[in-house]
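Open the model in your viewer and keep the selection box ready. Each stop below gives you something to pick and then says what is there.

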Amino acid sequence: AAPSYLVGLVGAGVGPSLTPPMHEREAAASGRRLIYRTIDITDLGLPAESVAELVPAARRLGFNGLNITHPCKQLVLPVLDGLTADAAAIGAVNTVVFDGGSAIGHNTDWSGFASSLARGLPHAPRDRVVLLGAGGAGAALAHALLVSGVRELAVADLDAERAGELAERVGRRFPDAAVGIGDAAAPDRLLAWAEGLVHATPVGMAHHPGIPVPPELLRPPLWVADAVYRPLRTELLRSAEQNGCPTLDGGGMAVFQAADAFGLFTGLIPDRGRMLAHFHSL
Ligand code: NAD
């Protein structure tokens, strides 16, 4: 019989995640059985640090792997036996694969976004890009942007220290690019300079409505990509579209991080278009 797979998602408030149905449906469409369980530390009354016990427990229970999300993506690092070069560079893991006796950490957030950008904005100019938001998603996006050929990256965050740390870390890894700090309090100057804006703060999420920059600053030929995907059409993207800017929503990143993780868990090649269509039907 074809092998079956057992995987899970560890994080806080992961109950409503769309990742489980994406994996299960893609496996079924490939003629395989895959069960995807959420392991919600909030429901379990566990602290974020408990990821250090949940990962080895899942391995013993026969899981093929785990996705790891907020607030555990960095806390999981010490219990892993190895990291891919990209995950080590980003300093965060969203996918753990149990391979024989060992637990290897991967990061498919960055590769998911890189695929989404290549697919959704293939011709977007990449010389000068502003990244707004230097948290967990921002770190993966910065890596993806530099791998995708961005030459000058300005990292901006309300927390200037955080922006500085990320810019410094990324700059060291990509010495041919110019990576600096952007002033989050001066979006007019930043966006007058930039060809593209990549947004990775929580502003615009269903429970955090709003727009992170004044809409009148969103003017073509600026392109705008949002990491937020609930809702898909954020106020930022709506304003950018109304003004005529090319846009990219956060759905592609969410789907392609799942597609890349699915490939790692199962060894199968996912049908990325089918996963995207399924996501949009959820
Ligand atoms: P985080 O809390 O780790 O980081 C958010 C950062 O934004 C913080 O550094 C904070 O200081 C900064 N910030 C908040 N408001 C700001 C503002 N108005 N201007 C400038 N900076 C501001 O959060 P995260 O885990 O990085 O997630 C950020 C967003 O990315 C969330 O909306 C999340 O849903 C989204 N995300 C999407 C995907 C996907 O697959 N599409 C994956 C991961 C995260």
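**Stop 1: a loop proline.** Select proline 231, which lies in the loop between β11 and α9. Now show the peptide bond that leads into it from arginine 230. That bond is cis, with omega near 5 degrees. Most peptide bonds are trans. Bear in mind that this is a predicted model.

**Stop 2: a second cis bond.** Jump to proline 71, in the loop between β3 (65–68) and β4 (82–83). The peptide bond from histidine 70 to proline 71 is also cis. Its omega is near 0 degrees.

**Stop 3: the two domains.** Colour residues 4–108 together with 253–281 as domain 1, and 122–245 as domain 2, following the domain assignment. Their centres, taken over C-alpha atoms, are 26 Å apart. Where do the domains touch? On the domain 1 side, 10 residues are in contact with 7 residues of domain 2. Two elements give two or more residues to that side: α4 (85–90) and α10 (251–266). The most come from α4, with 3 residues. By type, the domain 1 side of the contact holds 5 nonpolar, 3 polar and 2 charged residues.

**Stop 4: the sheet.** Switch to cartoon view and pick out the open sheet of 6 strands. What is the strand order? It reads β9-β8-β7-β10-β11-β12, and the pairing is parallel. Look at the edges next. β9 (178–181) and β12 (247–248) each have a single partner strand, so one side of each has no neighbour in the sheet.

Zoom in on the β9 edge. Strand β8 (residues 152–156) runs parallel to β9, and 4 bridges join them. Select glutamate 152 and you will find alanine 178 of β9 opposite.

**Stop 5: helices on the sheet.** Add helix α6 (residues 136–147). This helix lies across β7 (128–132), β8 and β10 (196–199). Its direction is at about 170 degrees to that of β7. Then add helix α9 (residues 235–242), which packs on the sheet and touches β10, β11 (223–226) and β12. Against β11, the direction of α9 makes about 160 degrees.

**Stop 6: α5 against α6.** Two packed helices are described by the angle between their axes and the distance between the axes. For α5 and α6, the axes come within 8 Å and cross at roughly 50 degrees. That makes the two helices oblique to each other. Their crossing is right-handed.

Show side chains here. From α5, pick Asp109, Trp110, Phe113 and Ala114. They meet Ala137, Ala140, Leu141, His143, Ala144 and Val147 of α6. This contact divides into 8 nonpolar residues, 1 polar and 1 charged.

**Stop 7: α5 against α10.** Stay on α5 (residues 108–120) and bring in α10. The axes of these helices are 7 Å apart, and the angle is about 125 degrees. α5 and α10 are therefore oblique. The crossing is right-handed.

Which residues of α10 make the contact? Select Gly252, Met253, Phe256, Gln257, Asp260 and Ala261. On the α5 side, the contact includes Thr108, Ser111, Gly112, Ser115, Ser116, Arg119 and Gly120. Asp109 and Phe113 take part as well, and both also appear in the contact with α6. By type, the α5–α10 contact has 4 nonpolar, 8 polar and 3 charged residues.

Definitions and conventions
Residues numbered from 1 in each chain as written. Predicted model: local features only at pLDDT ≥ 70, side-chain atom pairs only at ≥ 80, totals over all residues. Domains from an automatic or database assignment. Contact = placed C-beta atoms within 7 Å. Nonpolar A, V, L, I, M, F, W, Y, C, P; charged D, E, K, R; others polar. Axes fitted to C-alpha atoms, helices over the stretch in contact; angles between N-to-C directions. Parallel < 35°, antiparallel > 145°, perpendicular 65-115°, else oblique. Left-handed = near helix turned anticlockwise from the far one by under 90°. Pairing = 2+ DSSP bridges.
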